[in-house]
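Let's take a walk through this protein together, with the sequence and the model side by side. Have your viewer ready, and we will go from one region to the next.

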Amino acid sequence: MGGWDRAREISRRVGHGVADASRATFRAGKATAVGTKKAGQATARGAQRVGRATRKVTYANGADRTGLGRLIELSAGESAGDALVTVALASTVFFGLPVGEARGPVALYLVITMIPFALLAPFVGPILDRFRSGRRYVMAGTLFGRGLLCFAMAAAVGPNDLVTLFAGALGVLVLSKAYNVSRAAIMPSVLPADISLVSANARITLFILLSAGIAVPVAGGLTAWLGSAAMLRIAMVAFLLVGVFAVRLPRHVDSPDVEEEHPAEGRAQRWRTLLKVGPVVGEAVGANLLIRLFSGFLLFFLLFMVQDKAAPWLLVRDTFFDVKVTIGLLAVAAGVGGLVGAAVANWSRNHSPQLITLLTLAVTAITTITTAVFFNLWAAVAISFITAFASGLGKLALDAIVQQEIGEEVLSSTFGVTEAILQLSWVFGGLIGLLLSLTENGTAGLVTLAVVLTAGLVWLLIKRRRRIRAVNARIQREHTERLSNPPEPLGNPQG
């Protein structure tokens, strides 16, 4: 019996221990659940505060009444979707390969990118002009199309189908440009009375950059955890949701179709080229073309210089600035430069956008010359910052010039031409950067582009001076004619 008593005592103690452990586990689970609930509530409250503060900024100065606030939110969501696609494809297509092998796919992608823009540039703008009464649906269509392309690319990641990935990335890029053209065309219709075109464009760009800046690290973490295919599927869902939001834009962003008094002239005007946009727009396009050329060059030139460890600051051993840290530092400098450019554009308000475009080109040329002389890490960081700053500020000024100088009946056509020209110049600059990076001589590459920028700036200044002289001469001639041929006085009526 003594043995049975001891067994029962042991069993009783074990039972109490299990019960105590169960109660402790229950209390811990309950505490965890309560803590999770409080953390979730705190996160939700924080998100609500951030959302209210963001909406307060986006809807300021009458942007809530005109629809500008909704357009800003839509563009921020679209930018986040593009960032998800870019991060998902970066490790899959380009930078997952060794440096020597990566140049081939990158060059192929750049060359393929040039073809559709060269072929589609004459058609995209006129098509969008013919659908002025349905611009909301055009913008939604570009978003839905990108969602479907993300679905196709996600299926191609597993078998590493580069043809599908390149084609899908190209389609996403073309649809993104079509969205930008449509967004720029509707800006005058959502512009509040208290905001200038440059400031409104800058406000949208600020939120686009902030949205992309938040989405990139999130997408990087999710891609490392879930993989590129899952990230592309998430981007697909994001594009589809944002597309629904595009349909809900205010109806007045759709311009009514009007009968043209001179149909033949209207059809002729739809075919916009750089020679038919006028001298003011042509000058702004020329300045932005040179800046975009240098922007594409600098991106691929510095990227492969750093990855090849041909940059002189990477030759020092046991330093903090290895390849990944250097690329990250240059990327941060470019991102901050874009934000500062948008902020300066918002501050500039009614300053002359024509003068802004020439100043951005001049600053870029001077910085490039300085960087070529002092080619080190901090000079590369400075040129990355200045180039992104000039590219963002110059493009915002160009958009404002086009919106001011071009009639609405051909506004999309003009934006289509300018977007195509800027994209082609960026691609061409990227190809130059790829080629010059093979020389592993940073100074020679920067000197070459500095000469191009300086020559372009001088040429634009000469053309501007001639144009101003011609305008002044015409005004003086008309004034002289009026003085030499005064109007006849009206006769006095009789009786």
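Are Phe294 and Phe297 buried or exposed? Both Phe294 and Phe297 are buried. Please keep in mind that what you see is a predicted model.

These two residues are a good place to start looking at aromatic rings. A search of the whole structure turns up 4 aromatic pairs. In one of them, the ring centres of Phe294 and Phe297 are 5.8 Å apart and the planes meet at 35 degrees, so this pair is tilted. Stacked would require planes under 30 degrees apart. Along the chain, Phe294 and Phe297 are 3 residues apart in helix H10 (residues 279-307), which means about one helical turn lies between them. Phe301 joins them, and Phe294, Phe297 and Phe301 form one aromatic cluster.

Now move along to helix H13 (residues 377-405), where Phe385 and Phe389 are 4 residues apart and so separated by about one helical turn. Their rings make a stacked pair, with 6.5 Å from centre to centre and 5 degrees between the planes. How do these two partners sit with respect to the surface, and what are their relative accessibilities? Phe385 counts as partly exposed at 26% relative accessibility, whereas Phe389 is buried at 16%. The dividing value here is 20%, because buried means under 20% relative accessible area.

With those details in hand, step back to the whole chain. The protein has 15 helices and 0 strands. Of its 495 residues, 45% count as buried. About 25,500 Å² is exposed, and carbon and sulfur atoms supply 66% of that area. Among contacts with a separation of 6 or more, 85% are between residues 24 or more positions apart.

Which residues have the most contacts inside the largest nonpolar core? They are Leu68, Leu71, Leu74, Val85, Met153 and Leu232, in a core of 45 residues. Two or more residues of this core come from each of helix H3 (68-94), helix H5 (135-157), helix H6 (162-186), helix H7 (197-226) and helix H8 (228-247). H3 gives the largest share, with 12 residues. To see how the core is knitted together, pick Met153: leaving aside neighbours within four places in sequence, Met153 contacts Val85, Leu89, Thr164, Leu165, Gly168, Ala169, Val172 and Leu232. Apart from this core there is another, of 29 residues, which includes Phe297, Val306, Phe375 and Leu457. You have already met Phe297 as one member of the aromatic cluster.

Next, turn to the surface. Phe144, Leu240 and Val244 make a nonpolar patch there, with about 220 Å² of accessible area together. Leu240 belongs to helix H8 and is partly exposed, at 33% relative accessible area. Gly141, in helix H5, is partly exposed too, with a relative accessible area of 36%. How far apart are Gly141 and Leu175 in sequence and in space? They are 34 residues apart in sequence, and their C-alpha atoms are 8.8 Å apart.

Our last stop is Gln354, in helix H12 (residues 353-373). Gln354 has 17% relative accessibility and therefore counts as buried. Beyond residues up to four places away in sequence, Gln354 touches Val280, Glu283, Ile401, Glu405 and Arg464.

Key:
Residues numbered from 1 in each chain as written. Predicted model: local features only at pLDDT ≥ 70, side-chain atom pairs only at ≥ 80, totals over all residues. Heavy atoms only, no water. Buried < 20%, exposed > 50% of the residue type's maximum accessible area, 1.4 Å probe, protein only. Contact = heavy atoms within 4.5 Å. Core = buried A, V, L, I, M, F, W, Y, C linked by side-chain atoms within 4.5 Å. Patch = residues over 30% accessible without salt bridge, like charges linked within 9 Å, V, L, I, M, F, W, Y side chains within 5 Å. Areas by Shrake-Rupley, 256 points an atom, 1.4 Å probe, with all protein chains shown as cover. Salt bridge = Lys/Arg side-chain N within 4 Å of Asp/Glu carboxyl O. Phe/Tyr/Trp six-rings, centres within 6.5 Å; stacked < 30°, edge-to-face > 60°.
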